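Reader: Please show me the sequence and the model, and then take me through the charged pairs and the nonpolar cores.

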Amino acid sequence: IGRFEVTRAQYAAFDPLYDIPPGTENHPANGITFDKAKAYLAWLSNLTGSSWRLPTEDEFASLGSKGEEENTLDSWAGYSLNPDDARRLEAEFEKLGGADALLREVGSFQGRGDEGEELLYDLGGNVAEWVLGRDGAAKTLGGSADRPADPAAAPRPASPGCTGFRVVKENR
């Protein structure tokens with residue numbers, strides 16, 4: 001599984017029309033739809049000769065993303081948000097310029113993993129990530145900069161501007 005979310009610079013190699021504000025090349029690619037993520041994976045597979053895919057819901061859940069806050073609305077507020085505070089801060093988030101105001105470079109938070117393994121970064125926030133659900137449908141998991149850490153306090157899923165993905169290389 002990718003140690004980091006796919007960056008804007010990596011995604012722009014696939015889609016030269018993808019807009020990257022100067023100085024944010026190493027931020028996670030955001031505003032990515034499920035279909036665009038799948039198209040990137042097909043392109044990457046063709047380019048490298050290896051097979052790449054999205055993580056499954058079970059794979060992502062096993063990485064320990066739950067309960068660990070990184071870049072979420074709670075981290076910006078400095079406390080655990082209740083639903084009313086979350087709605088108020090979401091409105092402020094849009095006034096600040098949306099995702100570009102809140103997203104951070106990939107790897108900005110402490111990595112996670114077992115001793116002797118490569119660390120994985122940004123599982124608990126920055127952009128929510130596309131996964132394949134248990135039913136085979138598209139689903140986003142993980143924290144995002146525009147939503148509270150506790151899913152119960154979030155009135156809706158991450159905005160498109162705070163949605164991205166990471167890749168998994170198939171072992172054959």
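The following exchange treats salt bridges, strand pairing and nonpolar cores in turn.

Author: This is a predicted model, in which local features need pLDDT of at least 70, side-chain atom pairs count only at pLDDT 80 or more, and totals for chains, interfaces and linings use all residues. Residues are numbered from 1 along each chain as its sequence is written, and side-chain values use heavy atoms, with hydrogens and water left out.

Reader: How many salt bridges does the structure hold?

Author: A salt bridge is a side-chain nitrogen of Lys or Arg within 4 Å of a carboxyl oxygen of Asp or Glu. By that criterion, the number of salt bridges in the structure is nine.

Reader: Is Glu129, the partner of Arg166 in a salt bridge, buried or exposed?

Author: The closest N and O atoms of Arg166 and Glu129 are 2.7 Å apart. Arg166 lies in the loop between β4 (163-164) and β5 (168-169) and Glu129 in strand β2, so the pair ties together parts 37 residues apart in sequence; helices (H or I, at least four residues) and strands (E, at least two) are DSSP runs, numbered from the N terminus. Buried means under 20% relative accessible area, exposed over 50%, and partly exposed in between (1.4 Å probe, protein chains only). Arg166 has a relative accessible area of 0%, and Glu129, at 1%, is likewise classed as buried.

Reader: Which residue in β3 stands opposite Glu129?

Author: Strand β2 pairs with β3 (residues 138-141), the two running antiparallel and joined by four bridges; pairing requires that DSSP find at least two bridges between the strands. Within β3, the residue opposite Glu129 is Leu141.

Reader: Which helix gives the largest share of the largest nonpolar core?

Author: A nonpolar core is a set of buried Ala, Val, Leu, Ile, Met, Phe, Trp, Tyr and Cys residues joined through side-chain atoms within 4.5 Å. The largest one has 15 residues, and Tyr11, Ile32, Tyr40, Leu54, Phe165 and Val167 have the most contacts inside it. The elements that give two or more residues to this core are α1 and α2 (34-48). The largest share, five residues, comes from α2.

Reader: Which residues does Phe165 touch, not counting residues up to four places away in sequence?

Author: Contact means heavy atoms within 4.5 Å. Phe165 is one of the residues with the most contacts inside the largest core. With that sequence exclusion, Phe165 touches Glu5, Val6, Tyr11, Ile32, Ala37, Tyr40, Leu54, Glu129 and Trp130.
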